[in-house]
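User: I'd like a close look at one helix in this model, and then a walk outwards from there.

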Amino acid sequence: MSKMKMLWLSLLCLMMPSKTPVTALPLRTTDLPTGPNDGLSEADQEFAEEYLQHFYGYRPKSERRKRTADTDVDESDWNTQLCDKVEKMQRFFGLPPSGELTKETLAVMKRPRCGLSDVEQFGKNIRWKKRTLSYRIAVYSRSIPAPKVHKVFKAAWKVWSSVAQIKFRRRRRKEADIVISFMNRDHKDGSPFDGKGGVLAHAFMPGYGIGGDVHFDAEEDWSFNFTGFNLFPVTVHEFGHALGLPHSSDPGAIMYPAYNFVPNYEPQLSYRDVKDIQHLYGINPNFASLSSKKPPPRTPEKCDLDLSFDAVTELQQELLFFKDRFMWRKHPQFDETRITLISSLWPESVPTHLDAVYENTRKNLIVFFKGHLYWMLRQLQVEDGFPKNISNLGFPSRIKSVDAALHFRNDRYTVFFTGNECWRYNELQEMMEGSPSLIEKQWPGIPYPIDAAVFFDGFVHFFKGNIHYKYDSDSKRVIATSPANDLLECKTEDDNEILREGR
Ligand SMILES: [Zn+2]
Ligand SMILES: [Zn+2]
């Protein structure tokens with residue numbers, strides 16, 4: 001790739017209208033890799049172009065040159081298109097939509113995922129016309145025993161048939177509607193697999209011949225637990241395609257394209273998946289009674305007035321709001337805050353349903369708390385020896401968890417909240433200062449136990465249930481209360497669109 005091309009990747013997005021220049025604020029490159037792409041290798045940039053070509057409909061320059069003689073016009077158009085595609089991808093994955101190929105964007109591109117496009121519309125209402133579909137396993141995996149594969153596939157079909165009016169029968173020999181195979185590299189369908197990692201599987205929309213067929217990358221380390229890639233959630237996702245569902249940008253949906261199997265979360269259809277499949281095939285008559293017992297989970301919605309948070313922290317220039325498996329990233333240069341998975345940024349070993357999170361700017365660490373454990377991460381990697389017990393920080397054994405962590409960047413200390421108490425931790429000496437105080441004495445007016453706390457813009461912000469308390473530390477009083485979600489600004493056009501779609 002030429003030097004010129006690399007420059008475009010990093011600079012041209014700035015010329016796009018309607019954006020604050022992306023370099024307006026200083027970026028630290030030592031921390032979260034959100035800075036410009038100075039450090040990206042040519043191989044990485046080529047990888048990114050291929051990724052955008054495959055998943056976001058980007059047409060590379062070489063292909064377009066054939067179509068036009070005027071290369072100048074073509075080039076500026078080409079750059080605009082590239083930035084535009086990067087931005088689309090960033091929006092889809094809840095990243096700050098700068099249009100720039102940051103290291104962080106590249107890291108998300110490199111996460112394991114499904115091989116189907118995120119933007120291609122397969123046409124609304126593509127579906128099988130019959131209610132009972134046959135499937136056949138044509139090529140087995142060499143590493144998994146056949147009975148185990150049968151069991152996983154049967155369970156995955158049941159996930160869909162329990163909510164929609166559709167049934168599945170396995171055939172041993174005869175032709176079937178849906179043919180399932182474990183395939184290696186180029187397997188003659190125009191979408192070769194890429195070996196370990198990257199693309200895990202793909203499927204074809206309903207139709208004759210290859211239509212409805214499902215292919216798994218045979219080189220993946222498939223498993224039934226947390227090692228390698230768990231076959232079950234990937235199968236449920238691919239079967240969704242085989243039934244006619246495209247990708248969803250709802251990170252709570254099984255049809256979200258990224259692999260996101262995390263410990264303590266049983267893969268299941270989200271509210272959105274259920275609505276989508278029922279739209280195609282109708283509602284399974286038994287679904288109503290089933291769902292009254294255990295309704296499909298809804299992805300948290302930032303405009304929900306009842307929204308509460310597990311934890312809130314600063315991270316470089318951003319504010320991060322954590323909820324269940326998800327987080328929202330509020331970046332000072334972008335109006336919209338989109339939901340994403342915690343696991344889309346950090347490794348799966350970072351737990352969900354967190355208690356507290358803070359950024360230690362002095363050491364460039366981000367610290368996560370859940371129960372009696374805490375994790376420290378540098379860049380996107382868990383530090384050696386973590387998780388550790390919170391007693392390491394100086395908590396007595398009676399303290400079983402931390403409600404919130406409030407870090408003061410300039411003063412190098414952190415306040416931990418536990419029940420009705422708060423503890424001051426000296427980050428320079430790495431020790432607790434004295435004994436705990438009562439919250440009602442140190443922070444009068446703040447309810448406890450608190451959900452989350454963060455210092456920014458000169459104020460302390462506390463969160464409890466659906467209320468946000470803006471607190472002035474000097475006068476020691478609450479100066480304003482508002483809905484907890486007021487910092488997430490939920491009134492953009494895009495959000496309204498998502499809201500409409502979701503209802
Ligand atoms: Zn997919
Ligand atoms: Zn294939």
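User: Which residues of H2 are buried?

Analyst: A word on ground rules before the helix. This is a predicted model, so local features need pLDDT of at least 70, side-chain atom pairs count only at pLDDT 80 or more, and totals for chains, interfaces and linings use all residues. Residues are numbered from 1 along each chain as its sequence is written, chains are lettered from A and ligands numbered from 1 in the order in which they are written, and side-chain values use heavy atoms, with hydrogens and water left out.

Now to your helix. In H2, the buried residues are Asp44, Gln45, Ala48, Glu49, Tyr51, Leu52, Phe55 and Tyr56. Looking down the axis of H2, these buried residues fall within an arc of 160°, so they line one face of the helix. (The arc is that of the directions from the helix axis to the C-beta atoms.) Ala43 and Glu50 are exposed on the other side. Buried here means under 20% relative accessible area, exposed means over 50%, and partly exposed is in between, using a 1.4 Å probe and protein chains only. Helices (H or I, at least four residues) and strands (E, at least two) are DSSP runs, numbered from the N terminus.

The length of H2 checks out too: its 15 residues should span 21 Å at 1.5 Å a residue, and the end C-alpha atoms are 20 Å apart, which agrees. That expected span is 1.5 Å times one less than the number of residues. Right after H2 comes Gly57, with a positive phi near 70°.

Zoom in on Ala48, which sits in H2 (residues 42-56). Ala48 counts as buried because its relative accessibility is 1%. Leaving out residues up to four places away in sequence, Ala48 touches Leu101, Leu106 and Met109, where contact means heavy atoms within 4.5 Å. Leu101 is 53 residues from Ala48 along the chain, yet their C-alpha atoms are separated by 8.0 Å.

Next, the nonpolar cores. A nonpolar core is a set of buried Ala, Val, Leu, Ile, Met, Phe, Trp, Tyr and Cys residues joined through side-chain atoms within 4.5 Å. The largest has 44 residues, and the members that touch the most others are Phe153, Trp160, Ile178, Ile180, Phe216, Trp222 and Leu243. Among the elements that each supply at least two residues of this core are strand E2 (132-139), helix H6 (146-161) and strand E4 (178-183). H6 gives the most to it, with 7 residues. Apart from this core lies another, of 38 residues, and Phe55 from your helix is among them, along with Tyr58, Phe92 and Phe93. As a rule, nonpolar side chains in soluble globular proteins tend to be buried together.

Then there are the charged pairs. The whole structure has 17 salt bridges, each one a side-chain nitrogen of Lys or Arg within 4 Å of a carboxyl oxygen of Asp or Glu. One of them joins Arg185 and Glu219, at 2.6 Å from N to O. Arg185 is in the loop between E4 and E5, while Glu219 is in the loop between E6 and strand E7 (222-223), 34 residues apart. Both are partly exposed: Arg185 has a relative accessible area of 43%, and Glu219 has 28%.

Another pair is Glu489 with Lys330, whose closest N and O atoms are 2.5 Å apart. Glu489 lies in the loop between strand E26 (477-483) and helix H11 (493-502) and Lys330 in strand E11 (residues 326-330), so this pair ties together parts 159 residues apart in sequence. There is also a network of salt bridges linking Glu104, Glu318 and Arg329.

Last stop, some backbone oddities. Most residues other than glycine have a negative phi, and most peptide bonds are trans. Gln316 is not a glycine, but has a positive phi of about 50°; Gln316 is also buried, at 9% relative accessible area. Asp457 likewise isn't a glycine and has a positive phi of about 60°, but Asp457 is exposed, at 67%. A cis peptide bond joins Phe386 and Pro387, with omega about 5°, and another joins Tyr448 and Pro449, with omega about -5°.
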